[in-house]
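Trainee: I've got the sequence and the model open. Can we go through it together, one question at a time?

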Amino acid sequence: MTPFFILLTGDSMVDYKVIKENLERLERDSILVLKDNAYNCGLINVLRIAYVLGFRQYAVVSKEEALTIIKEYSDVIVLILGKEKIIHKQIMLTVEDKTDYDFCVKNHVNFHVKIMSKMNRFGCEPNSGFYKHDLCKAIYYHIKKKKKNMILKELKRLFNSIKDI
């Protein structure tokens, strides 16, 4: 059994046993978001726990974090959520606009399409059609934490605007 410990990071303490317990509740095919040094909990430490538990897909915001992960493990896939451009077989990029899309298509890079939400985040319009390309592996969308009926209404609006998936 892997020993777990509490690590002091700056002014905070990280209890990796709690992180492991939380990760155990998730589906193993989930994409774990480990951006910003795993939310300041220590990218490598959280990555190693997740990897032992069977997770193989991760999301980060920078190519440096992505390269750190694939240097550690050669059988993982990393999605870069930011506007970074890199060509690597284990890295997928985010498409938010035509420039991103053109880069991925030209360089045969797998990608996820980020759809613009009502949260004033970046992303493309649902009717952009970028998701129709074979290199597109998923679509993602940010939803504010709301009441269940509001979330369902927002999802219905999104799916109505993307009719030909």
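Trainee: How far is the sulfur of cysteine 104 from the closest cysteine sulfur?

Mentor: To count as a disulfide, two cysteine sulfur atoms must lie within 2.5 Å. By that rule the count here is zero disulfides. The closest cysteine sulfur to that of cysteine 104 belongs to cysteine 136, and it's too far for a bond, at 9.6 Å.

Trainee: Hang on, is this a predicted model, and what are the ground rules?

Mentor: Yes, it's a predicted model, where local features need pLDDT of at least 70, side-chain atom pairs count only at pLDDT 80 or more, and totals for chains, interfaces and linings use all residues. Residues are numbered from 1 along each chain as its sequence is written, and side-chain values use heavy atoms, leaving out hydrogens and water. As for pLDDT, it is the predictor's confidence in each residue, from 0 to 100. For the protein chain, 76% of residues reach 70 or more, and the mean is 83.

Trainee: Where is confidence lowest in the protein chain?

Mentor: Helices (H or I, at least four residues) and strands (E, at least two) are DSSP runs, numbered from the N terminus. Confidence is highest in α4, with a mean of 97. Over residues 1–11, pLDDT stays under 50. The lowest mean, 42, belongs to strand β1 (residues 6–9).

Trainee: Is cysteine 104 buried or exposed?

Mentor: We go by relative accessible area: buried is under 20%, exposed is over 50%, and partly exposed is in between (1.4 Å probe, protein chains only). Cysteine 41, at 21%, counts as partly exposed. Cysteine 104 has 1% relative accessibility, so the verdict is buried.

Trainee: Which helix gives the largest share of the largest nonpolar core?

Mentor: A nonpolar core is a set of buried Ala, Val, Leu, Ile, Met, Phe, Trp, Tyr and Cys residues joined through side-chain atoms within 4.5 Å. The largest one has 39 residues, and those with the most contacts inside it include Leu23, Ile69 and Phe111. Seven residues of this core, its largest share, come from helix α3 (residues 43–53).

Trainee: Why do the buried residues of α4 line one face of the helix?

Mentor: Helix α4 (residues 63–72) has Glu65, Ala66, Ile69 and Ile70 buried. The arc uses the directions from the helix axis to the C-beta atoms. Those buried residues line one face because, seen down the axis of α4, they fall within an arc of 130 degrees.

Trainee: Which residue caps the N-terminal end of α1?

Mentor: In helix α1 (residues 16–24), the buried residues are Tyr16, Ile19, Lys20 and Leu23. They cover an arc of only 100 degrees around the axis, so they sit on the same side of α1. At the N-terminal end, a side-chain oxygen lies 3.0 Å from the backbone nitrogen of lysine 17, and the capping residue is aspartate 15.

Trainee: Which side chain does the side chain of lysine 85 make a polar contact with?

Mentor: Lysine 85 lies in the loop between β5 (77–80) and β6 (91–95), and it's partly exposed at 29%. A polar contact is a pair of N or O atoms within 3.5 Å; within protein, one must be able to donate a hydrogen and the other to accept it, and residues adjacent in sequence count only if both atoms are side-chain atoms. At 2.6 Å, the partner of lysine 85 is aspartate 100.

Technical notes:
Contact means heavy atoms within 4.5 Å.
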